[in-house]
Amino acid sequence: MAVTLLPRIALGLAVVLLPLGHRCLAADNGVISRSYETFKMDFGNFFLDRGNLTRLGIGVAGAAVFANTGIDRYIRNKYQNDLRGHDTDEATKIFNISGSEVALVIAPAYLGAYGAGKLLHNSTMSEWAINSLRATVVGGPALLLMAAATGGDRPTEGDSKWGAFNNFHGVSGHTYFSAVPFITAAKMSDNPYQKAIFYGLSTLTGLGRINDDKHYFSQVALGWYLAYLSCAVVDKGNDQREGRVHVQLAPVPKGIAVTVLKRY
């Protein structure tokens, strides 16, 4: 992603923020109010929740180790010299799309999926589209901030060492935007095999960026991790709204402890 993409990304995020799901939104203040409260809850759970900020800090610290030492460059050289070839280039061609296309196409795609789900009475599709949109939006500001604040270069431009506003490639935007829909699907699935497949698919764009020498490992990893945290925040918000009951089992010296948690 380049600095010139910022206005386009902002436009895409603005489109995402429009309330969804009714034919006449101007006449339905209830829908607007619920949409506002949902986004407010998501942003609060992401930027104000101590647990999420701690997890984010751990991820940033881990990426910093790779970026500000020789590890990133070592991984890059090892892959490009020993593993990359014609077959890997062919396999990653599907991911060769520009950052502007990713940012501008993603919102209409989710809107279309939401509408199709409503028309087909497929609540799962509609829920997936909404959750993906919410995750994309809530992590968007963090993506832009960290991409600029870390300031890493592309492998073909320099090293991955951080320097604020030195460049705009410290976090892989392609990886972030492309991982969100698959991680969302994984979190919605109760089947462990389906979860594994979706999580695996969520990494493919990032691997393609590494193969094509567009990003260092730390930049891809941070983009994916940011997508994961964004989807987890949406999942947490859904639990809070729906009052889901969680049952946890933990071994204790004389048996198993059962903890039941319900959010209100």
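A residue is called buried here when its relative accessible area is under 20%, exposed when over 50%, and partly exposed in between. With that in hand, here are some notes on this predicted model.

1. Let's start with aspartate 213. Its relative accessibility is 6%, so it counts as buried under that cut-off. The residue sits in the loop between helix 10 and helix 11, just after the end of helix 10. Its backbone deserves a look too: phi is positive, about 65°, although aspartate 213 is not a glycine. For context, most residues other than glycine have a negative phi.

2. Histidine 121 makes a nice companion to that point. Phi is near 55° here, again a positive value in a residue other than glycine. You will find histidine 121 in the loop between helix 6 (99-119) and helix 7 (123-150). Is this histidine buried or exposed? At 74% relative accessibility, histidine 121 counts as exposed, whereas aspartate 213 is buried.

3. Next, take the helix just before aspartate 213. Helix 10 (204-211) is mostly covered, with six of its eight residues buried. Those buried residues are Thr205, Gly206, Gly208, Arg209, Ile210 and Asn211.

4. What do Leu204 and Leu207 take part in? Together with Phe182, Ile197 and Leu201 they form a nonpolar patch on the surface, and the five share about 410 Å² of accessible area. Helix 9 (192-202) and helix 10 each supply at least two residues of this patch. Leucine 201, one of the members, belongs to helix 9. Its relative accessible area is 32%, so leucine 201 is partly exposed.

5. Helix 8 is worth a turn of the viewer. The helix runs over residues 173-188, 16 in number, and spans 23 Å from its first C-alpha to its last, close to the 22 Å expected at 1.5 Å a residue. Where is the kink in helix 8? The bend, of about 35°, lies at alanine 179, shortly before proline 181. Helix 8 is also mostly covered, as 13 of its 16 residues are buried.

6. Now for the rings: the structure holds seven aromatic pairs. One of them joins tyrosine 176 and phenylalanine 177, whose ring centres are 5.3 Å apart and whose planes meet at 70°, so the pair is edge-to-face. Tyrosine 176 and phenylalanine 177 are both buried.

7. A pair with another geometry is found in helix 11 (residues 217-242), which holds both tryptophan 224 and tyrosine 228. The centres of these two rings are 5.7 Å apart and the planes lie at 15°, so the pair is stacked. Along the chain the two are four residues apart, about one turn of the helix. Why might that spacing suit a ring pair? An α-helix has 3.6 residues a turn, so residues three or four places apart point the same way. Both rings belong to residues with some exposure: tryptophan 224 counts as partly exposed at 22% relative accessibility, and tyrosine 228 counts as partly exposed at 27%.

8. Finally, do look at the phenylalanines earlier in the chain. Ring pairs link Phe43, Phe46 and Phe47 into a cluster.

Definitions and conventions:
Residues numbered from 1 in each chain as written. Predicted model: local features only at pLDDT ≥ 70, side-chain atom pairs only at ≥ 80, totals over all residues. Heavy atoms only, no water. Patch = residues over 30% accessible without salt bridge, like charges linked within 9 Å, V, L, I, M, F, W, Y side chains within 5 Å. Areas by Shrake-Rupley, 256 points an atom, 1.4 Å probe, with all protein chains shown as cover. Salt bridge = Lys/Arg side-chain N within 4 Å of Asp/Glu carboxyl O. Buried < 20%, exposed > 50% of the residue type's maximum accessible area, 1.4 Å probe, protein only. Phe/Tyr/Trp six-rings, centres within 6.5 Å; stacked < 30°, edge-to-face > 60°. Expected span 1.5 Å × (residues − 1). Bend = angle between axes of the 7 residues up to and from the residue.
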